[in-house]
Amino acid sequence: MANLWILLCGSVSSPGITGKVSQQYVPISDGNMLWTLTLNGNMKNQTPLVLLHGFGGGVGLWALNLDALAQQRPVYAFDLLGFGQSSRPYFSSDAKEAEAQFVDSIEQWRAKVGLEAMVMLGHNFGGYLAAAYSLKYPTRVKHMVLVEPWGLPERPDTEDQDRPTPVWIKALGAMLSPFNPLAGLRLVGPLGPTLVSALRPDFKKKYLSMFNDDTVTEYIYHLNVQTPSGETAFKNMTIPYGWAKRPMLQRIGLLHADIPITVIYGSRSSIDGNSGNAIKEMRPNSHVEIIAIRGAGHYVYADQPEDFNHRVLQVAANISVCEVADWVSYLDFYSHFTQCTVY
């Protein structure tokens, strides 16, 4: 399996990835670049799978999944604009405009890489952007997979009277609201990796099958200690306590009915899984599948990678079956047409 540092910025040589792998900066508009990892890009006859990481993430966090997911099709993973090793431009402070900047960067990346259509999988904030992209460019998405997606439900209009928000949480939220979400990580300077280890010791455990040192902790630290860009955009797209200013459930019903959706949750996650059921109710004539992976939390792909990989491969296999069926139908039609045409 490839070292996370290799996936981030290193050599294409990796004994753990058996498929053909390449890394490059893909240029988009305004001189910006998106750091991109490609596995088995030479498989031109299969719809590629494109992975969008979540807030504060990067391509290296897919390390437990890449080789398995690239068994039968090309897999692309890139650092979102403003995150990881990608360019960190100025984003609009307007939530709608910032969302459009993210979506346009994904479309520019797709066009530059030369993908006609794709299976788009997004985790957390990447799930939100996958949905936003699919709304604007529906012909480019064969299947959308939302993994523990952020930003779907609206913030409740009224508090649950039985469980009101504690005063200290309100006070803390008001105090921190002017700052970027990861400002504290930059503030502590070289103590940052220690802070990450203390606050999120679970990350090291998730990747123990690959690393028994601080590689993952240092990777996460270096992803997020840089000049805030996508992080600032994300902050401007939220309202207090992490709700989206433009909740996706208000719009996802407008998505083309022929785009299948799979929603994947971890059974131990704190993310509200009811949004998947809401999507299903809003799209009665469309394919919507909800999958709960046992024993997984928010980082499903790292908590239970084998189960996660298997489920995603099943989704991709269904795409392949449909593509074959469409081709057979086309051949049948063409054969019938040529037999009936008089020259």
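How many helices and strands does the protein chain have? The protein chain has 13 helices and 10 strands. The legends below describe a predicted model.

**Figure 1. Overview of the protein chain in the predicted model.** The protein chain has 343 residues, and buried residues make up 48% of them. Among contacts with a separation of 6 or more, 74% are between residues 24 or more positions apart. The 13 helices and 10 strands are referred to by number in the views that follow.

**Figure 2. The largest nonpolar core has 48 residues.** Within this core, W109, F125, M144, I252, I261 and I279 touch the most other members. Elements that each supply at least two residues of the core include strand 3 (49-52), strand 4 (75-78), helix 3 (95-113), strand 5 (118-123) and helix 4 (125-136). Strand 6 (141-147), helix 10 (230-236) and strand 9 (261-266) also supply at least two residues each. Helix 4 gives the largest share, with 7 residues. A second, separate core has 41 residues, including V59, A70, A77 and L121. In soluble globular proteins, nonpolar side chains tend to be buried together.

**Figure 3. Close-up of F125 and its contacts.** Beyond its neighbours within four places in sequence, F125 is in contact with H53, G54, F55, L80 and F83, among others. The contacts of F125 also include F102, W150, F234 and M237. F125 is one of the residues that touch the most other members of the largest nonpolar core.

**Figure 4. Close-up of H53, a loop residue between strand 3 and helix 2 (66-69).** H53 has a relative accessible area of 3% and is therefore buried. A polar atom of the H53 side chain lies 3.0 Å from the backbone nitrogen of L80. Not counting residues up to four places away in sequence, H53 touches G58, V59, W62, F78 and D79, among others. L80, F83, H123, F125 and G126 are also touched by H53.

**Figure 5. Helix 3 and its two ends.** Helix 3 has 19 residues. From the first C-alpha to the last, helix 3 reaches 27 Å, close to the 27 Å expected at 1.5 Å a residue. At the start of the helix, a side-chain oxygen of D94 comes to within 3.1 Å of the backbone nitrogen of K96. Just after the helix, G114 has a positive phi of about 90°. The buried residues of helix 3 are A95, A98, E99, F102, V103, S105, I106, E107, W109 and R110. An α-helix has 3.6 residues a turn, so residues three or four places apart point the same way.

**Figure 6. Strand 6 pairs with strand 5 and with strand 9.** Strand 5 and strand 6 run in the parallel sense and share 6 bridges, and V119 has H143 in strand 6 as its bridge partner. Between these strands the chain passes through helix 4, in a β-α-β crossover that is right-handed. Strand 6 and strand 9 also pair in the parallel sense, over 4 bridges. There, V147 has I264 in strand 9 as its bridge partner. Strand 6 is mostly covered, with 6 of its 7 residues buried.

**Figure 7. Close-up of G82, in the loop between strand 4 and helix 3.** G82 is buried, because its relative accessible area is 1%. The residues in contact with G82, leaving aside its neighbours within four places in sequence, are S87, R88, P89, F91, S229, G230 and E231. From C-alpha to C-alpha, G82 and F102 are 8.9 Å apart in space, and 20 residues apart in sequence.

**Figure 8. Close-up of P138, in the loop between helix 4 and strand 6.** With a relative accessible area of 15%, P138 is buried. P138 touches H256 and I259, not counting residues up to four places away in sequence. P138 and L255 are 117 residues apart in sequence, and their C-alpha atoms are 7.5 Å apart in space.

**Figure 9. Two loop residues with positive phi, E148 and Y241.** E148 is in the loop between strand 6 and helix 5 (167-176), and its phi is near 45°. Y241 is in the loop between strand 7 (238-239) and strand 8 (243-244), and its phi is near 70°. Are these residues buried or partly exposed? E148 is buried, with a relative accessible area of 0%, whereas Y241 is partly exposed, at 45%.

Technical notes:
Residues are numbered from 1 along each chain as its sequence is written. This is a predicted model: local features need pLDDT of at least 70, side-chain atom pairs count only at pLDDT 80 or more; totals for chains, interfaces and linings use all residues. Side-chain values use heavy atoms; hydrogens and water are left out. A nonpolar core is a set of buried Ala, Val, Leu, Ile, Met, Phe, Trp, Tyr and Cys residues joined through side-chain atoms within 4.5 Å. Buried means under 20% relative accessible area, exposed over 50%, partly exposed in between (1.4 Å probe, protein chains only). Contact means heavy atoms within 4.5 Å. The expected span of a helix is 1.5 Å times one less than its number of residues. A polar contact is a pair of N or O atoms within 3.5 Å; within protein, one must be able to donate a hydrogen and the other to accept it, and residues adjacent in sequence count only if both atoms are side-chain atoms. Two strands pair if DSSP finds at least two bridges between them. A crossover is right-handed if, with the strands pointing away from the viewer, the path from the first strand over the helix to the second runs clockwise.
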